[in-house]
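Trainee: I am new to this structure and would like a close look at one charged side chain and how charges pair up elsewhere. Could you walk me through it?

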Amino acid sequence: MNKPELRKVYLEKRRSLTAAEYADLNTKLFNNFFQHIDLSKVKVMHSFLSISKNNEPDTTSILAYIKKTHPTIRIAIPKIQSDGKMQSYFFEHEDQLEISAWGIPEPKHGEVVGPKEFDLVLVPLLIFDKQKHRVGYGKGFYDIFLSTCNSDCQKIGLSFFEPVEKIDDIGTHDLALDYVVTPTGFY
């Protein structure tokens, strides 16, 4: 299947999750993340903040646990600029957030941090393939952003679903992730 077909299928799969299924998948994803991801060398990380209306994997509990257990890790979050590029701001507290026109929690102010500073990036996705290529919402924000990060930055996707065999229309601009964590797998 190609990206538009996969996007349609997996958006619907996420939308059809019941509240109980969504909560269960998030709990399993949280546990599997901390079972497999080594944060000992991470100093600065970037994370998306979940769009709740889209039933995205919830990063709130992951970020709270990282703040509690690894207080020296600085966490940054994205904001889409008027030019369509993503800029990252250190995430200091909830009062810093506002909901954008797209329904995305974004920082309204804060200290800017560049993509070369990140040791780890949590990447949103709808589905991925066995080569760890991802299908997102199709705007290209993360493809552009990830191409500007250091080559040794860990790019980690979070997905509720196991991989498809192959995404048919992967292009040269589509970067593969280093790892993908699901509720039951680690790729």
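Mentor: Let's start with Arg-14, a residue of helix α1, which covers residues 3-15. Keep in mind as we go that this is a predicted model. Arg-14 is buried, yet it has no salt bridge. The nearest side chain of opposite charge belongs to Glu-56, and it is 4.2 Å away. A salt bridge here needs a side-chain nitrogen of Lys or Arg within 4 Å of a carboxyl oxygen of Asp or Glu, so the 4.2 Å between Arg-14 and Glu-56 does not qualify.

What does the side chain of Arg-14 reach instead? One partner is the backbone oxygen of Asn-54, at 3.0 Å. Another is the side chain of Tyr-137, joined to that of Arg-14 by a polar contact of 2.6 Å. If you set aside neighbours within four places in sequence, the residues in contact with Arg-14 include Asn-55, Pro-57, Leu-125, Leu-126, Phe-160 and Phe-161, as well as Glu-56.

Now for the charges that do pair. Side chains of opposite charge can pair when their charged atoms come close. Across the whole structure, a search finds eight salt bridges.

One of them joins the side chains of Lys-28 and Asp-24, with 3.1 Å from N to O. These two residues are four apart in helix α2 (residues 19-36), so about one helical turn separates them. Lys-28 counts as partly exposed because its relative accessibility is 39%, and Asp-24 counts as partly exposed at 38%.

Next, look at Lys-130 and Glu-165, whose side chains meet in a salt bridge of 3.0 Å, N to O. Lys-130 sits in the loop between β8 (127-128) and β9 (134-135), while Glu-165 is in the loop between β10 (154-158) and β11 (179-181), so this pair ties together parts that are 35 residues apart in sequence. Glu-165 counts as exposed, at 54% relative accessibility.

A further salt bridge links the side chains of Lys-155 and Asp-178, at 3.5 Å from N to O. Here Lys-155 belongs to strand β10 and Asp-178 to the loop between β10 and β11, so the pair ties together parts 23 residues apart in sequence. Lys-155 is buried, with a relative accessible area of 9%, whereas Asp-178 is partly exposed, at 31%.

Finally, Arg-74, Glu-92 and Glu-111 are joined into one network by salt bridges that share partners.

Terms used. Residues numbered from 1 in each chain as written. Predicted model: local features only at pLDDT ≥ 70, side-chain atom pairs only at ≥ 80, totals over all residues. Heavy atoms only, no water. Buried < 20%, exposed > 50% of the residue type's maximum accessible area, 1.4 Å probe, protein only. Lys, Arg positive; Asp, Glu negative; His and termini not counted. Polar contact = N/O pair within 3.5 Å; in protein donor to acceptor, adjacent residues only side chain to side chain. Contact = heavy atoms within 4.5 Å.
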